Amino acid sequence: MLWGSNARAAHPIFFHHLLKGIKNGARMWVIDPRRTASAKFADAWLGLSVGTDIALANGVARQIIHAGLVNEEFVEQATEGFEAFAAFVEPWTLEYTAEVTGVPAEAIADLAHGYAKAATAQLLWTLGITEHHTGVDNVLALSNLSLLTGHVGRWGSGLVPLRGQNNVQGGGDMGALPNKLPGFQDVDNDALRKKFEEAWGTTFTGQVGLNLTEMFEAMATRELRAVWVVGENPADSEADAKHARAMLEGLDVLVVQDVFMTRTAQLADVVFPAALGWAESDGTVTSSERRVQRTRAAISPPGQARQEIDIIADLAQRMGAADWGYPTAEELWDELRALSPMHGGMSWQRLADEGGLQWPCPDEDHPGSRFLHGRLWERPISGRRAPFSCVEHRPPIDALSEEFPLRLTTGRALDSFNTGVQTESFNSPIRSGEALELSASDALHLGVQAGDRVQVSSRRGSIQMTISIDATLQTGLAFTTYHFPELADINQLVSDAYDKKSGTAEFKATAIRVEKIAETTHA
């Protein structure tokens, strides 16, 4: 199942592996409000209404239970909370689920039976699941399906979150999370924190930090007055972009470390030009499958650009940490291995010799882990049981209304990336994504056609865009990308609602109004 992911456009290399599986006889269901490029290769496309993922997952779960397709041995031996979960999803009949989601009951039943009966099955998702105010609950709802069927912890079966950017996984590995130390160790665990304090020769609070959304809230109250941005462009990428830029401009100090002069860098008091993380630097990256690989500098950074670890070391010295020195990438990696058990067996040399290793890899005799959660198939299982989660369907916060009757969702185009910083400087014969795509029926109702200029408004502001017609879009649904903020500053419109558990904004569900701009006549 490819759920909330247009992998054909967002993860094209990975999608070729999916196509190999289809060629070898695998079936694919695509669950997405849009009939995406990925959906065209699927056995079935389930075009659910935006923000009804939990409802659909609960309906699929009930059907699996009522059809007698639960993996009873796995549920009994490896999970907890099944009885409460079964009672919780009982109201989600096929008919009720169809009514809420807009997906035909027959398609829901086909999905439930096909997934549950498969010998192996993977459930894959990306930002179409997580960029909602219910993002964490959406993931838990999908996880319930894998627990019902035993499609987890086995080769060929599992839950597969496709990462939105290169090395996002590696950032998490290194502790770039408000509640984690390197190796995903809890910052508020006294024993774990003491290990780091002893290694680093200092003490630090066990208080959980702020996520990105909470940082902007803290900027608004002046609790946060200095920010150091490394490899990020929040002036363009944050929801309610006009407000985000005002918060950045109001800081006492804004430092940006990047390889491009982004809009955020243009707002900065200080800019540190940095070397590229792959072509100009030695280090590691971690893929979505937890594979840690070496990177090696092929060329020297241009001009004043410097290695990021040297920039950090220089700044540390100027702040009084004279004993830091200038550690190499290998020395920093060895420090990580000494502190993170899941990386302990990944020596610098092994990473080079073996072309990468998958964590957890606790010692140098360990081959790395091809998949996670295999312990759930041990009898008795080691560790805690996997819990079912009872999660409620909650519609998007930015509700449709007579004033804002269309639902705008966003995504990626094949040849562009994020806010366009890395892709805008080269030409592409397939470039697209700056227009507002409407269904043919909505365009007819609004009296617009392809190429017309329109004003697009939400509860946060208005921008001008050019219309494109997508014959596959469902009535009431509009789509665009966020690759071209200079042409269509779409994040000025996007809902500022966010998931309180993850801090991720609801980029996928904005209520909008579209109005044709009157043509100006000249005498």
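This dialogue walks through the cores, cavities and a pocket of a predicted model.

Trainee: Where should I start with the inside of the fold?

Mentor: Start with the nonpolar side chains. In soluble globular proteins, these tend to be buried together.

Trainee: Which residues of the largest nonpolar core touch the most other members?

Mentor: They are Met1, Trp3, Ile31, Ile64 and Leu145. The core has 47 residues. Helix α7 (residues 105-117) gives the most to this core, namely 7 residues. Another core lies apart from it, with 18 residues. Leu438, Val454, Tyr482 and Ala488 are among them.

Trainee: What does Trp3 touch, leaving out residues up to four places away in sequence?

Mentor: Its contacts include Ile31, Leu48, Leu56 and Ala57. Leu123, Leu124, Trp125 and Leu145 are also among them. So are Asp53 and Thr126.

Trainee: Which residues of helix α17 (residues 329-339) are buried?

Mentor: Ala329, Trp333, Leu336, Arg337 and Leu339. Now look for what covers them. The cover includes the helices α11 (190-200), α16 (308-318) and α18 (348-354). It also includes the strands β8 (185-186), β12 (283-286) and β13 (291-295).

Trainee: Now the empty spaces. How many cavities of 30 Å³ or more does the structure hold?

Mentor: It holds 2. A cavity is closed: a 1.4 Å probe fits but cannot get out. The largest cavity has about 330 Å³ of space. Its lining counts 26 residues, and Gly4, Asp32, Gly128, Thr410 and Lys508 lie nearest its centre. By class, the lining has 9 nonpolar, 12 polar and 5 charged residues. Strand β16 (406-411) gives the most to this lining, with 3 residues.

Trainee: Why does the largest cavity lie between domain 1 (2-156) and domain 3 (406-516)?

Mentor: Check who lines it. Both domains give residues to the lining of the largest cavity, so it lies between them.

Trainee: What lines the second largest cavity?

Mentor: Asp236 and a set that includes Tyr482, His483, Phe484 and Pro485. Ala488, Asp489, Ile490 and Asn491 line it too. About 40 Å³ of space lies there. The lining divides into 5 nonpolar, 2 polar and 2 charged residues. Tyr482 and Ala488 also belong to the core of 18 residues.

Trainee: And the second largest pocket: what is its volume?

Mentor: About 340 Å³. Of its 19 lining residues, Asn6, Arg34, Ala37, Ser432 and Glu437 lie nearest its centre. Helix α1 (7-10) and strand β20 (477-481) each give two or more residues to the lining. The classes are 6 nonpolar, 6 polar and 7 charged. Domain 1 and domain 3 both line this pocket, so it lies between them.

Notes:
Residues numbered from 1 in each chain as written. Predicted model: local features only at pLDDT ≥ 70, side-chain atom pairs only at ≥ 80, totals over all residues. Heavy atoms only, no water. 1 Å grid on protein atoms, 1.4 Å probe; cavity = no way out; pocket = protein on both sides within 12 Å on 5 of 7 lines; lining within 4 Å. Points joined across faces, edges and corners; volume = space filled by probe spheres on them. Helix = DSSP H or I, 4+ residues; strand = E, 2+ residues; numbered from the N terminus. Nonpolar A, V, L, I, M, F, W, Y, C, P; charged D, E, K, R; others polar. Domains from an automatic or database assignment. Buried < 20%, exposed > 50% of the residue type's maximum accessible area, 1.4 Å probe, protein only. Contact = heavy atoms within 4.5 Å. Core = buried A, V, L, I, M, F, W, Y, C linked by side-chain atoms within 4.5 Å.
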